[in-house]
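The exercises below are to be worked through with the sequence and the structure side by side. Each task is followed by a solution that goes step by step.

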Amino acid sequence: MHSRFIGPFEVSSIGLGCMNFSMGYGPADDEVSKRLLNEALDVGYRFLDTASMYGWGHNEQTIGDALKTRRDEYVLASKCGFSRDEDGKSYEDGRPETIKRQCEESLKRLQTDVIDLYYLHRWDKNIAIEESVGALADLVKEGKIRTFGLSEVSTDTLRRAHKESPVTAVQSEYSLWSRTPEFSLLDACTELGVAFVPFSPLGRGFLTGKAMDVSELAENDLRATIARPRFEVDAYAQNVKLLEPYASIAKRYECTMGQLALAWLLARKDSAGNKTLVSIPGTKHIDFMNENAAAGDIELDESTVAELDDLINESTVVGTRYTQGRMASSDSEQDRLV
């Protein structure tokens, strides 16, 4: 797999999002997950992304158990900044004491001495971003994390945080059908020298063409909860119409629809003209993990990139990316304007 850089780290251009092992898209088999993790390293993945809230420790523990003897073979990213109340409901918690405590807990579960890239999962607006970033900077000084990043923040928040202490990476949803970062965040990342890491690059399965019957989604599936608008039956029926011409483009390149979506991201150039994105598609299936890895070898010409841009974008997709309540609380400029 080709390499790119996130801050000081040389990583595979396609990383592995690990959330699916623990939550989001139905149950997973722990033994299969551990086998997938090892096989991912074998085929060239060098960047793994997890979080303390993924299964509330289960995800990190799975990675620690599976890869404790292979820690030097990959760059490890995790996230902090979510807690649970007495009823088990999650909430953003960016207090410095929470960040430092969660880091200690994550290190134990991951069975490592240091986390390479540690994100604030969401900005807790009750806490100044400078305070949360200060805690992350302290963890760097203490040698418990090597660098830190932010997830799903606005351009203004990124600038404030970066002024407090240099941010290595920003992680946000970005794909053909979720273009929020194009509003201003991608340009800001280029200007500040911050790496950008797209999550959900396959549109929560939509861009693979494999999630066709949304009426059978489980109640706890993200596509039936916070990401519901685009997966409502009527909206989805309209969105699926985009997949026929999209599938024709994939056929032209002799690749799968999912691989085409990843190749589009890898072909994106920043405002300086460089291809820098490192995407982290998630899966709990070994076959899909291997399929995603092969996307790194697909080279799209500029006319195809433009064709895809015109075909699937925020204007041609029906529905917002999150429910109205979630959109209203988002730190993203584009979300708040929708």
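**Exercise 1.** In this predicted model, find the salt bridge that Asp309 forms with Arg268, and work out which parts of the chain the pair ties together.

Solution. Begin with the pair itself: the closest N and O atoms of Asp309 and Arg268 are 3.0 Å apart, which is within the 4 Å that a salt bridge requires. Next, place the two residues: Asp309 belongs to helix H11, whereas Arg268 sits in the loop between helix H9 (257-267) and helix H10 (286-294), so the bridge joins parts that are 41 residues apart in sequence. Finally, turn to accessibility, where both Asp309 and Arg268 prove to be buried.

**Exercise 2.** Determine how helix H8 and helix H11 are oriented to each other, and which residues make their contact.

Solution. The axes of H8 (residues 243-252) and H11 (residues 302-311) come within 11 Å and cross at roughly 165°. Angles over 145 degrees count as roughly antiparallel, and H8 and H11 are therefore roughly antiparallel to each other. Their contact is made by Pro245, Tyr246, Ile249 and Arg252 on the H8 side, and by Thr304, Glu307, Leu308 and Leu311 on the H11 side. Sorted by kind, these residues comprise five nonpolar, one polar and two charged.

**Exercise 3.** Decide for Asp93 and Arg95, whose side chains meet in a salt bridge, whether each is buried or partly exposed.

Solution. The N to O distance in this bridge is 2.9 Å. Asp93 has a relative accessible area of 2% and is buried, while Arg95, at 35%, counts as partly exposed.

Methods: Residues numbered from 1 in each chain as written. Predicted model: local features only at pLDDT ≥ 70, side-chain atom pairs only at ≥ 80, totals over all residues. Heavy atoms only, no water. Axes fitted to C-alpha atoms, helices over the stretch in contact; angles between N-to-C directions. Helix = DSSP H or I, 4+ residues; strand = E, 2+ residues; numbered from the N terminus. Parallel < 35°, antiparallel > 145°, perpendicular 65-115°, else oblique. Contact = heavy atoms within 4.5 Å. Nonpolar A, V, L, I, M, F, W, Y, C, P; charged D, E, K, R; others polar. Buried < 20%, exposed > 50% of the residue type's maximum accessible area, 1.4 Å probe, protein only.
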